[in-house]
Amino acid sequence: MYKALFSAARTVVAVIVAWWLIVILARVPAYLLPAPDAIASRFLFLAGNADLGQHIRVTLGEVVIGFLIGGILGVALGWGFVRLPRVGRLLSPLILLLQTAPKIAIAPLLLLWLGIDMGPKVTLIAIVTFFPVMAGAMAGFSSVETSYRDLAILLKLSPWQRFRRVELPFSLPPIFAGLRIGSTQAVTAAVVGELMGATYGLGYLLSLGQENGDASVVIVAILLLSTMGWAFHELIRMIERRALRWHVSQRSLEAAL
Amino acid sequence: MIQIRGVHKEFAVDGAKVTALSPTDLDVRRGEFVSIIGPSGCGKSTLLRIVAGLETASGGTIAMTEARSPAQRVGFVFQEPVLLPWLTALENVRFPLDTAGVARQEAEDVASRLLRLVGLAGFENALPRTLSGGMRQRVSIARALSYDPLLLLMDEPFGALDLITRDRLNDELLAIWSETRKTVIFVTHSVEEAAYLSDRVIVMSPRPGAIRSIYEVDFPRPRGEATKLDPAFHHLMANLRRDLQ
């Protein structure tokens, strides 16, 4: 973890230095690409202004709520479809259609239906996260060996015990793979939703900067968004490492990172 | 303690009726060690799974006397250990107690006593993947004993182990059996294992699966290397082999 942070910090410093050099040496006009110090002072100005905190809070809130709903829905539907294959066959074309439709095309519809507040953004985030989670959950639940079903019958486990104590832990590795994919897409979905219409949020800040021709605001918003996405992904990884300490997959990853 | 009367099992494959087990009668006494031996497809595992409630018979009755309650669970040991890989050895053994709502401390005491009984003291906190195949199967046996079932069903429990480990586990199983006084039904396809362990050996023949012969085995206990050198032991094995032809 610390090693990963260190190498990330090294990369960031290198990029900032290169950026600075390019701006100075190539004399890039500030309205196209402001120098890093201009971004920093813009960030401090925005941070001093109470609104930046509010923008971050709104986007983060949407991401967390949407991601939780999408994750829970993905696991529940994945489990249901494995348990009831007939329902799965009936619903899967519908779900696939929902997934293949460009999210950016769904967003205006959601805004029309759910208004301009968090509703449509949370829905959009839930839509993009639930799919990889559901795919992982289905892979996991359908590969639990039948001898474990026998064990559950012998021990007279309740359906909930069977799910919570046998099937879910077995399925966690592919579920976490889905959660990680979902976590990187959640922030993107939040921005897409906010760009379509919002009163707060980093995506809204982005469009505000564009309207005012202020590149530094746009860049501040981008940096905050990517940091948020990165942090969110790392948080999921951390939870995964703790939850799957028993699993072989964590040994090779531990060595790789 | 268990009376099996006319239990049979048929199923359909592509519309054709296949008989897995012809009507079978079998009585097992309390505390008895009974082995069922036969080639693959003779229905021995089917019979065991029906007794365990994992499969339903097409007909016949199974009466369990002395069952303490209808919810009484039977102990079952599979060919594979079927352990939960995210739980330690101790947690695996106490799993049936935890899910049945037994108090923490009590479950802990029972589980560590059983791990000692199967020779795994000191491995309480080991995850299954760090244990050898033989050790995992011992954990599995301890788990099957954790809720103190009257009847222990074993479905080729040592079939996947090497011969040396298997011999050792056979001796340990006899020690565990004499200490816990469980009634054991043991399915195997090893003639030697059946002859060495049992009070009675049931030989089954395939297609359709049915009991072919029954042997009373009265070698003195405790059994050991001397049993395996006894000419009567070899005579029994020869008979079993002949019946399996």
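Which residues are buried in helix 9 (residues 202-211) of chain A? They are Leu202(A), Gly203(A), Tyr204(A), Leu205(A) and Leu206(A). A residue counts as buried if 20 or more other C-beta atoms lie within 10 Å of its own, as exposed if 12 or fewer do, and as partly exposed in between, with C-beta atoms placed from the backbone. Helices (H or I, at least four residues) and strands (E, at least two) are DSSP runs, numbered from the N terminus.

This is a predicted model, where local features need pLDDT of at least 70, side-chain atom pairs count only at pLDDT 80 or more, and totals for chains, interfaces and linings use all residues. Residues are numbered from 1 along each chain as its sequence is written, while chains are lettered from A and ligands numbered from 1 in the order in which they are written.

**Confidence**

The predictor gives the complex an ipTM of 0.87 and a pTM of 0.81. For chain B the mean pLDDT (the predictor's confidence in each residue, from 0 to 100) is 88, and 97% of the residues of chain B reach 70 or more. Among the elements of chain B, strand 3 (residues 33-37) has the highest mean pLDDT, 94, and strand 4 (residues 59-64) has the lowest, 84. Where pLDDT is low, the predicted coordinates should not be read in detail.

**Chain A and its meeting with chain B**

Back to helix 9 of chain A: the cover over its buried residues includes helix 3 (51-83), helix 8 and helix 10 (215-243) of chain A. Just after helix 9, Gly213(A) takes a positive phi of about 65°.

Now for the place where the two chains touch. Here 14 residues of chain A are in contact with 15 residues of chain B; contact means that the C-beta atoms of two residues, placed from the backbone, lie within 7 Å. On the chain A side, helix 7 (146-154) and helix 8 (159-196) each supply at least two residues. Helix 7 of chain A gives the most, with six residues. This side of chain A divides into nine nonpolar, two polar and three charged residues. In this count Ala, Val, Leu, Ile, Met, Phe, Trp, Tyr, Cys and Pro are nonpolar, Asp, Glu, Lys and Arg are charged, and the others, Gly among them, are polar.

**Nonpolar cores**

A nonpolar core is a set of buried Ala, Val, Leu, Ile, Met, Phe, Trp, Tyr and Cys residues joined through C-beta atoms within 7 Å. The largest has 70 residues, and those with the most contacts inside it are Leu115(B), Leu153(B) and Ile185(B). Helix 4 (residues 133-146) of chain B gives the most to this core, with six residues. A second, separate core has 52 residues, including Ala126(A), Phe141(A), Phe176(A) and Tyr200(A).

Take a look at Leu153(B). Leaving aside residues up to four places away in sequence, Leu153(B) touches Leu48(B), Val51(B), Ala52(B), Val74(B), Gly75(B), Phe76(B) and Ile185(B).

**Strands of chain B**

Strands of a sheet pair through backbone hydrogen bonds, either parallel or antiparallel. Two strands count as paired if DSSP finds at least two bridges between them. Here are some pairs to find in the structure.

| Strands of chain B | Sense | Bridges |
|---|---|---|
| Strand 1 and strand 2 | antiparallel | nine bridges |
| Strand 3 and strand 8 | parallel | four bridges |
| Strand 8 and strand 9 | antiparallel | six bridges |

An open sheet of three strands in chain B has the order 2-1-4, with antiparallel pairing. Strand 2 and strand 4 stand at the edges, each with a single partner strand, so one side of each is left without a neighbour in the sheet. Within the first pair of the table, Ala12(B) stands opposite Lys17(B) in strand 2.

Strand 8 offers two more partners to look up: Ile202(B) is the bridge partner of Ile36(B), and Ser213(B) in strand 9 is that of Val203(B). Strand 8 and strand 9 of chain B form a hairpin with four residues between them, and Arg207(B) in the turn has a positive phi of about 45°.

**Loops of chain B**

Asp14(B) lies in the loop between strand 1 (2-13) and strand 2 (16-28). Asp14(B) has a positive phi of about 50° although it is not a glycine. Is Asp14(B) buried or exposed? Asp14(B) counts as exposed because it has 5 C-beta neighbours inside 10 Å.

Val82(B), in the loop between strand 5 (75-77) and helix 2 (89-99), also has a positive phi, near 50°. With 19 C-beta neighbours inside 10 Å, Val82(B) counts as partly exposed.

Finally, the peptide bond from Arg221(B) to Pro222(B) is cis, with omega near -5°. Pro222(B) lies in the loop between strand 9 (210-216) and helix 7 (225-229) of chain B.
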